[in-house]
Amino acid sequence: MSVLKHVNPHVMKVSPYQPGRPIEEVARELGLDPDDIIKLASNESPLGPSPKAMRAMKKACSEMHLYPDGGAYYLRKRISEHYGFPPDHFIFGCGSNELIEFIGHSFLYPGVSAVMSEKAFVIYKIICGMFGAEVIEAPMKGLTHNLRAIRKAIKDNTRVVFICNPNNPTGTMVRDREVRKFMEKVPDDVLVVFDEAYAEITYKRMPDTLSFVRENRNVIVLRSFSKAYGLAGLRVGYGIAKPEIIHALEKPRQPFNLSRMAQIAATAALDDQSFVRRSRRTYKKGAHLIMKACSDMKLVFEPPVANFILIKVGNGFEVFNELQKKGVIVRPMGPYNLPEWIRVSIGKENENIRFLSALKTVVSS
Ligand SMILES: Cc1ncc(COP(=O)(O)O)c(C=O)c1O
């Protein structure tokens, strides 16, 4: 008898997340040299990890036989100084993705719903599905969140609203005034999740969502060490909220979810603000180069605010395939119901130039 019939039916229905393709996999499949491939598919840091984090990691290798500190004491202390919130306002996850899962564990179950934009980061839908909660998708204004529509979509059984800002994959940002207006009207028994994985590297001003934490509102701000500090491979994310919310999210957390190396690297990375500034400059400069080239090619794009850009190329999947054959990995946007678009991470100057040259050949052929 098959055990499959006993699998949790909510889990069974989930379509797993499709991440950007790894360089090694594409090299094997197409018979290319991995060193000749560039990956602009997962919004990773083209500058590598924070140098201060790397130095701290090298020094820490000899401690790796020990379990991590389950309470992340030093990282908590350092991040608390960084943000000016008491240490009990933080929760750490194996990437901010794990925090989205904790939100599912603690707040989502059959009979309740969560609201999000139709083209918001897809993990929210996956997590809702996994916990059997209803997904309510609000229409967008073009490729930008429509916070009015999100508010209107909230029902009596809504427990969570996800606002991904800047939104992945569309790259658009909602601004402070709109967010503030939204927060004036949102019911107080709904947890508002501001997913701000790109906050530190945006070159437009982010809304001050931490002010809602200070005001004791029912919000959690999610941030990540993956983008700004180049530590995607280590998996460190965190949430900032009032202690009551943190307490509820701590329940499903396994004690050693954040590895010893991850804690050490993240603590050191917070001292590396010059790396964050350098990253932001790199993205801003790269964005200008790519936007100019897209305009020259008469391609429509969404002006970026962080380290990725959405470009309308015709048949997104075909362009993705053709670029891949030329050793450039980007992300087709079919899964987001944007089949004409690709999402491209902004890389180092030479990577951006190589991508643009390949794109030119592909779209003109
Ligand atoms: C909007 C958004 N949230 C969360 C994540 C996950 O980040 P992490 O690497 O911290 O899990 C990503 C990753 O691309 C993202 O784009």
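This is a short talk on the ligand site of one structure and on a serine elsewhere in the chain.

Okay, so, one thing up front: this is a predicted model, so please keep that in mind as we go through it.

Let's start with the ligand. The space it takes up is the largest pocket. Who's around it? There are 13 residues in the surrounding shell, and the closest ones are Ser-96, Asn-168, Tyr-198, Ser-224 and Ser-226. If you sort that shell by character, you get 6 polar residues, 4 nonpolar and 3 charged.

Now for the polar contacts. On the nitrogen side, Asp-195 puts a polar side-chain atom 2.8 Å from a ligand nitrogen. For oxygen, look at Lys-227: an N or O atom in its side chain is 2.8 Å from an oxygen atom of the ligand. And then there's a backbone contribution, with a polar backbone atom of Asn-97 sitting 3.1 Å from a ligand oxygen. So how much of the ligand's surface does the protein bury? Taken alone, the ligand exposes 390 Å², and the protein buries 93% of that.

Okay, last stop: Ser-345. You'll find Ser-345 in strand 13, which runs over residues 341-345. Is Ser-345 buried or exposed? Its relative accessible area is 2%, and the cut-off for buried is under 20%, so Ser-345 counts as buried. As for what its side chain is doing, the side chain of Ser-345 reaches the backbone nitrogen of Ser-42, at 3.5 Å.

That's what I have. Happy to go back to the ligand or to the serine on the screen.

Conventions: Residues numbered from 1 in each chain as written. Predicted model: local features only at pLDDT ≥ 70, side-chain atom pairs only at ≥ 80, totals over all residues. Heavy atoms only, no water. Near = heavy atom within 4 Å. Polar contact = N/O pair within 3.5 Å; in protein donor to acceptor, adjacent residues only side chain to side chain. Areas by Shrake-Rupley, 256 points an atom, 1.4 Å probe, with all protein chains shown as cover. 1 Å grid on protein atoms, 1.4 Å probe; cavity = no way out; pocket = protein on both sides within 12 Å on 5 of 7 lines; lining within 4 Å. Sits in = over half its atoms within 2 Å of the grid points. Nonpolar A, V, L, I, M, F, W, Y, C, P; charged D, E, K, R; others polar. Helix = DSSP H or I, 4+ residues; strand = E, 2+ residues; numbered from the N terminus. Buried < 20%, exposed > 50% of the residue type's maximum accessible area, 1.4 Å probe, protein only.
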